[in-house]
Each structure stands twice: as C-alpha cells, then as structure tokens.
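Please open the model in your viewer and keep the selection panel at hand. The tour goes from one selection to the next.

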Amino acid sequence: MSHLQEEDRLLIQEAVDKFILDNYPFEEKEKRLAELGQYGGHWGTFAELGWLMLPFAEEAGGLGGGIADVQVLLQAFGRGLIAEPFSEVVLQAGKALEFCAPESSREQLLLPLMSGEQRVVLAHGEVSADADFSAVTCIAETCAEGYRLTGSKRVVCQAGSADRYLVTAKLNNEPALFLVDAGSDNLERYEYLTIDTRYASDLQLDGVTVPAAALVATGEVVAEGVRDALLYTFAGLAAEVHGIAKNLRLMTAEYLNTREQFGTKIANFQALQHLLADMVIAEEEIASLAWLMSNVWEMEDSTERERLIRSTKARMCVAGRQLAEIAVQLHGGVGVTDELIVSHYLRRMVAIDALYGDSQQQLLWLAQQV
Amino acid sequence: MMRLSAEEQAFQKQVRAFIRDNLPADIKYKVDNNLLLKKDDHVRWQKILGDKGWFAGGWPEQYGGAGWSETQQYIFDQENALAGAPFIIPYGVNMVGPVLYNFGTEEQKEKYLPGILSNDTWWTQGYSEPNAGSDLASLKCSARREGDEYVINGTKMWTTQAQYADMMHILVRTDDGGKKQEGITFLVLDMNTPGITISPIITIDGVYHTNQTFFDEVRVPVANRVGDEGDGWKIARFLLEHERTAIADTGAKSRGVAAIKQRLQVMEQERPGQPQNLLFKMRLAEIESELTAVIALEQRLIADWQAGKPVGYGASALKVRATELQQSLSVLIADLNGPYKAAYEVDYVDQGKVVDDPTPSQLASGGGYLYLYGRCASIYGGSNQVQRNIIAKMVLG
C-alpha cells in the first residue's frame, strides 16, 4: 500500500509522466541503446527526483514509500519501456541490502545507492535461478585479506552498468552476502544482449578477494532477505506488466478502429473483436493482480504472502505474454516490425517472465506446496 | 499413414544419404542452432542439390526438373529438413517457376527457367501492400500501359530478400473499374530497373529479412507479363495454394522435437529426477501428439492432391494448425533455457559464425530467434483469422 501522502504520490506520478514525455520517445530507442551501452542514461535524474530513495525506510535515509508508491513509477516505466536499471538496483539489490544488512550498517550501505553515486546489482542466479537460496553454489572462504569468492553467476541483468555486485554465496555452508567491486581481480564478466534489447552478464569469480568489510551479512537472514527482495521486485513488476498491458490494449483498439481491410474497418470483424476482448480480460486480471500486490507486503503471514506473489508472477507473465502476442497478431505485419513499439512490449514480457523463475518454475513451486 | 512403395523407400534412403554426405557443416550448424541463414547459405545448398538434379525435382523433366510425384517431393522436403539442411527458398523454384511453365510463353520459359534452376537468378515476391495484406485483392500498386511498356507506381510490403534479388514477380493493378480481383496482372521485372527503391524492414527478431519496395515510374516491357492482362488473381491463387501446404514445413518441426528430446535426455543425466524435467517431457509429449495430427493431415492432403481430388478447407486447417504448433514448439525450446530465455545475442543469430564452444547465452539465442520470428507465422500467407474465415465460408456457404 501507499505510505506516502496523496499529494506526494501525485507529484511522483506527474514527474514520471513528464520524464517519459521529455526523455523517452520510442522513436529514439537506437540512440538510447547507444547511451545505455555507455551506461549513461538518466540515472542522475532518477536520483534528483528521489526515485532511488523511494522504497526505503525513513530510518535508513529513504522516503518510506510502499509497493503502491513504487508501482506508480513501474507502471509508467512499463508503458515507456524505460531501460534504466531501476528494478535491478533499487528493488533487487536495494531491498536485499535493506532486508539483510544489520541495522548498524544499513543506512551507510544504502546511502551511495540512494544518491545515485553507486549502482549495485544483485548477482544471485546460478544454473537454476529461482528466488530460493538452495541453488546457490558460489563459495566464500576466509583468507588473510578477508574473503575469497569462487563460483559463477548467471544472467545478471544490467550488470554492465553496476559499480558493485551484491553476490550471494555460501560461507561455512551458511548463506552469505558480499559487496564486490565490479573491477575486482579474478572476476570475469561476459556481457550479452537480452531479448528486451537490454544487457545482462554472466560473472565468473575465480577466487575474487574482498576485504572483511565486504561481508554484508551471513546466516538465515540472508536467504530470507534475498528471497524477499526478489518477491518484492515481483510485486512491483506487476505494475510494469500492467503498464505494458494497458498500453498494448489501447494501441490495439485504436489500430482496429483505423486499419481497413476487405472494405471495412477491421474492428467490424467479430473474430478480431473477440481477440481484443481477450486482451481486455487479460488486462483486467493483470490490473487486479497489480492491485493485489500493492498491499501484499503488509501481510502478517509470510508463507501466504509468498504463495500470492508467486501465483501472481506466474499468472501475470502467462496472461501478459498472451495479451502481447494477440496485440502483435492484431497489428498483422506491422506488429512484427522492430519499428513499432508493440513488438518490443512482447519482448519485454518474455524478459520479465524469465526473471528469477519463469511461470513454469513458479507453478512448480506452488505445486510442491500442495 | 502414407505408405511408401519400394521405389519411394529407395528414393528416401538415397536422399538421406546424399544430404548426410553433402550438407556443408557450417550450414548445418546454423540450422541446428536456429540461426539466421543468408543468401549465400541457401545458394550454396541449392546449387549442391542442383548438381545432383534435385533442386527443382518437382518440375516436369522437359523444363529441367526430375518430374517427382507429390510423394517424392514430400519425401525430399522431409529428409531435407530432418537432416538440418536449409529450407528451399520458394520465390523462384516453387512460386514463379511453376507459374512460368504453366502460364508463360515459350520465350519467357527459355529466358527465366534456366536462371532459377541454376540459382544464378535470385527472386523475390511483390504481393502485399501497406493496405493489402491478408486482403490481397485490394492491392493498389499500378501499372499503366504506354506502348510496349507498363509503367509501375506504388509500393510493395514484405518483399523478402529483395535486397539480394535480381528479379521480382509482382502483382499490379492494370484496371481500376469492375471487380477488384479482375484488374490484377502478373509481371516479372528486373530489380535493376530505374525507379526501384528498397527500404529495409527490421522485424521483431531484430534481423533484416524483408523490405518495403517503392516503384516510381518503373518501366517494364509488356513482354514481361505472364498470362493476359487481368489474369493476375488467377495466377496468384494458383501460386498461394502451393504456398499453403509448403508452409506446414513439418520436417523442421520433427527435427525440433528430436532436438528437444536429446536436450531433455542431457538435462536428465545432468540433474536427474528434477520435477522440472518431467514437466518439460509432458509438454514435449503434447507437442508430439499435435505434430502427429498435423503430419497426418498434411499426408492426407498430399494423397488427395495427387489423386486429383479437391483439398477444400484442408489447406487452411493445415496452415492454422502447423503455425500454431510451430509457435508452441518455439515457446518450449525457449523455455528449456531457463533464465537464459532472456538472452538474445542478435549478432550471433544474424552472423551465424561457427563457435566451437558457444556460451549458454549464445545457445539460448536461437530459441529466442525461433520464438520471435515464429510470431510472423500466424500472420503471413493469409493470417490465421482469415484462414478461419475461409473455412467458415466454405462450410456455411
């Protein structure tokens, strides 16, 4: 739910709408991609507008916003296909730091992230990349300088834009979390494009040495904190999926009312009307899931919360992809061009699905609870 | 089930052995990894087939073909796809070739058929337009008669491989009055004719396959007209009916299923007993059963066709089911990549260089390409909604 005053939320809404209008015309995506390649982007603006502080507790120097407040941003980011690493840095890594770090160091760790001075991304996924900690095989050992990390981290989204990685590992068989400088020795990064024309990297840590102070936390709090940060991210992303779904539906309805074939507007064909109706039904589901997620974090029962979030991740990704596929289909030939934003929305949907457990993996998790 | 005669079985063995022994490894690599094939890959393979006399096997012998039956053609297509050979680019050999030997003059046959056979002339098609997609008959690109020439003005969409093409076969409007189907004429034209501009279209997969081509006062000799003025629609129907069965491309789907089986066996060895593996096996089983039905439908249509029976709405049913199956298959292949489903190295897909030890993100990129490009399948060749309209109209009258 929202933890902010109504007027503050409206200010965020206005600011993000203006930001997209001013900075994110879809037609300039080539230029933007080039900028992202150099990791420029608009991160400074994000910091100035206070967005990087939004979801963190006031005691930790944040604005104390809730998921509903973050969703205001994410819904707009979905609509505008904003490629800055907000969910990677602020939600995945930021919330993991907030949830895992002891109170004594929390603010100090979060400050450079919130000011925009340092970008941190979570490097948690391995061969199987669920939110759970059980799949982590990266090993940390103590050494004279502090710790030595060995292992590989897969599909670390936006790792190329990060100054530091928040690396999960096992230390004495206990979950542990480390902050590792991106430029560390013995750390190799292989970067590649993702299906949503962003970047991800695979990291290979071959005995990366970090000082003792790099250890953020250890113990069960790390396993729970990292899982919760990812669940929190999923809850926020429901709004991004909603932003995409809503815009696709609006664009598709407009297209059906414009495009003529067989001597009439194609909106007059019942077969196409029904496909549009299927999009609307999916959009309603997704809007409802985003709404459900907006106050899921306030639930007392964390088991039930996890069940709801994973159900949402699975359903919003299936419904979202179907909706986007219909949007492409109803746009016909132009729907499968790179020039129109429609195809890019579909591509973003696939990337969101793939993030830390696709819909099949989420369903499997749910099935195993039965 | 299609029963093969002893001769057909021998033919099948011969085809299988030939492709195994003659398919270049770098081309097979691209097909096996679901990477983009370039003109050079197609030409190289098609010339190898040409040297064997199997490139235009379905053409009558008098025009340089092998006079294959429908069944032989089917056997060849299946073996070609199963072995990981490139699909045959249809614009020359399967589209304009049969049009020329069925509707063309002797001069036209002599002039164009040899280049198609030798793969030295590369063809593209000019049918769809910005406002004439699935409603092809409303095309507007015009050709006005001036003496011995037609002067073409207008534009064509989805002129696939036009950037490589020497020739285009094109539907143009020569008459604005009367029924819209009646004013359409079929021409062939040299892509070097002045007034032609090719504008690339990058598709959803981030790759350059296709174009919009613009015509500004493009002068084509009347001798390049195939059939009479106004015959274009009849010829287009002849040609697209061929496309509708070819679109099923079941051999490639069988190859996809076999590849997934192999992949799942590896997954089972690496991480035995994972429940995820069983889920994938169930999804594969579902696809296999659907593919069984699609292949049966395809073979039944071919048998009917060979017996001279009308195939009716069967061709539309095949197009719908085959493309839906192609799409669910591509989703499964992508999903097998787990978190790497997000990876899409478009340069690797586009350039298709053989890599000895591909990274997981490279290995996954072919799945992304299949999924993205697969979205076109339910749109091209008459969208699946239009196919359903055709079926309903045939049944309801």
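The stops below run from the interface of two chains to a pair of domains and then to single side chains. Keep in mind throughout that this is a predicted model.

**Stop 1: chain A against chain B**

Colour the two chains separately and select the residues in contact. Chain B contributes 46 residues and chain A contributes 41. About 3,600 Å² is buried between the two chains, and carbon and sulfur atoms give 59% of that area. On the chain B side, select Ile204(B), Pro339(B) and Lys341(B): these residues lose the most area to chain A, together 17% of what that side buries.

Next, look at the polar side of the interface. Between chain B and chain A, 21 residue pairs are in polar contact. To see where the chain B side comes from, select strand 6 (196-202), helix 9 (275-306), helix 10 (314-335), helix 12 (360-374) and helix 13 (384-396) of chain B, which each give two or more residues to it. Helix 12 of chain B has the largest share, six residues. Sorted by class, this side of chain B holds 22 nonpolar, 15 polar and nine charged residues.

**Stop 2: Lys341(B)**

How many salt bridges cross the interface of chain B and chain A? There are three. Select Lys341(B) and Asp353(A) to see a salt bridge between their side chains, at 2.6 Å from N to O. Then add Asp358(A), which also forms a salt bridge with Lys341(B), with the closest N and O atoms 3.4 Å apart. Lys341(B) sits in the loop between helix 10 and helix 11 (346-351) of chain B, and Asp358(A) in the loop between helix 10 (341-354) and helix 11 (359-369) of chain A, so this pair joins two chains. Are Lys341(B) and Asp358(A) buried or exposed? Both are buried.

**Stop 3: domains 1 and 3 of chain A**

Hide chain B and colour chain A by its assigned domains: domain 1 (6-114), domain 2 (120-218) and domain 3 (222-368). The centres of domain 1 and domain 3 of chain A are 21 Å apart, taken over C-alpha atoms. Their contact involves 22 residues of domain 1 and 33 residues of domain 3. Between them these two domains bury about 2,200 Å², 69% of it on carbon and sulfur atoms. Zero salt bridges are found across this interface, and four residue pairs are in polar contact. On the domain 1 side, select helix 2 (29-37), helix 4 (67-80) and helix 5 (86-100) of chain A, each of which supplies at least two residues. Helix 4 of chain A gives the most, eight residues.

**Stop 4: Glu283(A) and Arg249(A)**

Stay in chain A and select Glu283(A) and Arg249(A), a salt bridge whose closest N and O atoms are 2.5 Å apart. Glu283(A) is in helix 8 (residues 270-294) and Arg249(A) in helix 7 (residues 220-256) of chain A, 34 residues apart. Glu283(A) counts as buried because its relative accessibility is 6%, while Arg249(A), at 22%, is partly exposed.

**Stop 5: helix 13 of chain B**

Show chain B again and select Asn384(B), which lies in helix 13 of chain B. Asn384(B) is buried, at 3% relative accessibility. The side chain of Asn384(B) makes a polar contact with that of Lys319(B), at 2.9 Å. Residues touched by Asn384(B) include Gln329(A) and Glu324(B). Finish on Glu324(B), whose side chain meets that of Arg388(B) in a salt bridge of 2.7 Å, N to O. This pair links helix 10 and helix 13 of chain B, 64 residues apart.

Terms used:
Residues numbered from 1 in each chain as written. Chains lettered and ligands numbered in written order. Predicted model: local features only at pLDDT ≥ 70, side-chain atom pairs only at ≥ 80, totals over all residues. Heavy atoms only, no water. Contact = heavy atoms within 4.5 Å. Buried area = accessible area lost by both parts, 1.4 Å probe. Salt bridge = Lys/Arg side-chain N within 4 Å of Asp/Glu carboxyl O. Polar contact = N/O pair within 3.5 Å; in protein donor to acceptor, adjacent residues only side chain to side chain. Helix = DSSP H or I, 4+ residues; strand = E, 2+ residues; numbered from the N terminus. Nonpolar A, V, L, I, M, F, W, Y, C, P; charged D, E, K, R; others polar. Domains from an automatic or database assignment. Buried < 20%, exposed > 50% of the residue type's maximum accessible area, 1.4 Å probe, protein only. Lists of a residue's contacts leave out its neighbours within four places in sequence.
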